[in-house]
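Student: I am new to this structure and would like to learn how its descriptive words are justified. Could we go through them one at a time?

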Amino acid sequence: MTPENVSAASASVLCPTSVMAARPAAVRGGDSSSSSSKVLAPSPIKNILGAKLASSNLSPYIKLVSGMAGGVAEACTLQPLDVAKTRLQLDKTNEYNGMIDCLKKTARNEGVGALYKGLTPFVTHLTLKYALRFGAFEKFKVMLGADAKGNASAKVNFTAGLAVGTLEACMIVTPFEVIKTRLQKQKVVAGQEPMYRGPIDVVVKIVRNEGIQRLWSGNMPTVIRQGSNQAFNFMSMAILNKMLWGKEQGDGKVLAVWQTLLNGLLAGAVGPCLNAPIDVVKTRMMGQDFSKPGEIKYTGWYQTARLIAAEEGLPALWKGIIPRLSRLAPGQAITWTVVMRVSTYFENLQKEIAADEKFKKEAEDKK
């Protein structure tokens, strides 16, 4: 390999986007008289992915992995806000005077560790949920008429988001949120054994005492919440990317971190603002113990909504909206930033592989 080839390959590893300019120089600098002269992919990742990636749209599996990474980042960063949201939504006696008061009292009375109650199911839940969400969304978009690069109309993005939100609610979100809600609901008192010792204990006791179907308590409001959230989330994100920054899927354009954070923040806030009451209903139904039939208060999502409004007033249906927005909007900002960074990396990698294949062919044609 000539010095020019070595220089171009080294530059492409240090700065992947430079390969588009460096590769032609490498081809011209090669020894065309040698029958073994070939243009090599400058990255082990490209050697693994090869021509298959170059000749196709980004795989939904790449979006799946991107979503998993975003889910872990979001869960570990924002878990205390989710605990506050759940406590406020379950608060029927006005024990807490807002989000900050809830966080302070929880940490003071139960220890800082209480702010991370339900973290294990929360991380698992978000990782699996985002893997399914971003992977399935790409599939649904293609089925509904997205172009070769994955770009689609607002209607298609809305419909695909609605479908994937419904799917994730039934398969993942409802049972994991039942577990999380039960853990976050209980308050640890010194000298007393907590009802649940962990996520597995929650599952065992619910199945044994209430029946396995109770892991899907509140499934209908969860479907409504998740479906509407993802419909607005995906549609809004695509619109914001294009209108504000001229970014479309598959173009390889790298947005600044603050730009993806801003877009994710705005897109993630639309759904929660519109469906806050259904989230309160969901939490009340999930937090209810069904092991004592005579004490069952909430029997369905519509009955729950009416009962809350009648007993506690209409504003009670918006309890926890501040911590919910404080968690979900920044959470989506973090997730979208990670997802777009990973996806854009592979979009540019795809272009580089395609360029490699083209230059290899041109070099062979000149022999």
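Tutor: Let us begin with a term: a cavity is a set of grid points where a 1.4 Å probe fits but cannot get out. In this predicted model, the second largest cavity has a volume of about 50 Å³, and its lining is made by Lys-253, Val-254, Leu-255, Thr-260, Met-340, Arg-341 and Thr-344.

Student: What makes these count as lining residues of the second largest cavity?

Tutor: A residue belongs to a lining because it has an atom within 4 Å of a cavity point. The residues of this lining divide into three nonpolar, two polar and two charged, and the largest share, three residues, comes from helix 13.

Student: How many cavities of 30 Å³ or more does the structure hold, and what lines the largest cavity?

Tutor: There are three such cavities, and the largest has a volume of about 180 Å³. Its lining consists of 21 residues, with Gln-226, Asn-229, Gln-230, Leu-328 and Gln-332 lying nearest the centre. Helix 6 contributes the most to this lining, namely six residues, while by class the lining has six nonpolar, seven polar and eight charged residues.

Student: Why is the contact between Lys-180 and Asp-82 called a salt bridge?

Tutor: The term requires a side-chain nitrogen of Lys or Arg within 4 Å of a carboxyl oxygen of Asp or Glu. For Lys-180 and Asp-82 the closest N and O atoms are 2.8 Å apart, so the pair meets the definition. Lys-180 lies in helix 7 and Asp-82 in helix 4, so the pair ties together parts that are 98 residues apart in sequence.

Student: How do you know whether Lys-180 and Asp-82 are buried or exposed?

Tutor: Buried means under 20% relative accessible area. Lys-180 has 2%, and is therefore buried, and Asp-82, at 1%, counts as buried too.

Student: What about Lys-242 and Glu-248, whose side chains meet in a salt bridge?

Tutor: Their N to O distance is 3.3 Å, which is within the 4 Å limit. Lys-242 has a relative accessible area of 51% and is therefore exposed, because the word exposed applies over 50%. Glu-248, with 33%, is partly exposed, since that value falls between the two cut-offs.

Student: What makes Ile-239 eligible for the nonpolar surface patch?

Tutor: Patch residues need over 30% relative accessible area and no salt bridge, and Ile-239, with 34%, is partly exposed and so passes the area cut-off. Ile-239, found in helix 9, makes the patch of about 600 Å² together with Met-243, Leu-244, Trp-258, Leu-262 and Leu-266.

Methods. Residues are numbered from 1 along each chain as its sequence is written. This is a predicted model: local features need pLDDT of at least 70, side-chain atom pairs count only at pLDDT 80 or more; totals for chains, interfaces and linings use all residues. Side-chain values use heavy atoms; hydrogens and water are left out. On a 1 Å grid over the protein atoms alone, a cavity is a set of points where a 1.4 Å probe fits but cannot get out, and a pocket is an open set with protein on both sides within 12 Å along at least five of seven lines; lining residues have an atom within 4 Å of a point. Grid points are joined across faces, edges and corners, and a volume is the space filled by probe spheres set on the points. Helices (H or I, at least four residues) and strands (E, at least two) are DSSP runs, numbered from the N terminus. Ala, Val, Leu, Ile, Met, Phe, Trp, Tyr, Cys and Pro count as nonpolar, Asp, Glu, Lys and Arg as charged, and the others, Gly among them, as polar. Patches are made of residues with over 30% relative accessible area and no salt bridge: like charges are joined within 9 Å, nonpolar side chains (Val, Leu, Ile, Met, Phe, Trp, Tyr) within 5 Å. Accessible areas come from the Shrake-Rupley method with a 1.4 Å probe; for residues, only the protein chains shown count as cover. Buried means under 20% relative accessible area, exposed over 50%, partly exposed in between (1.4 Å probe, protein chains only).
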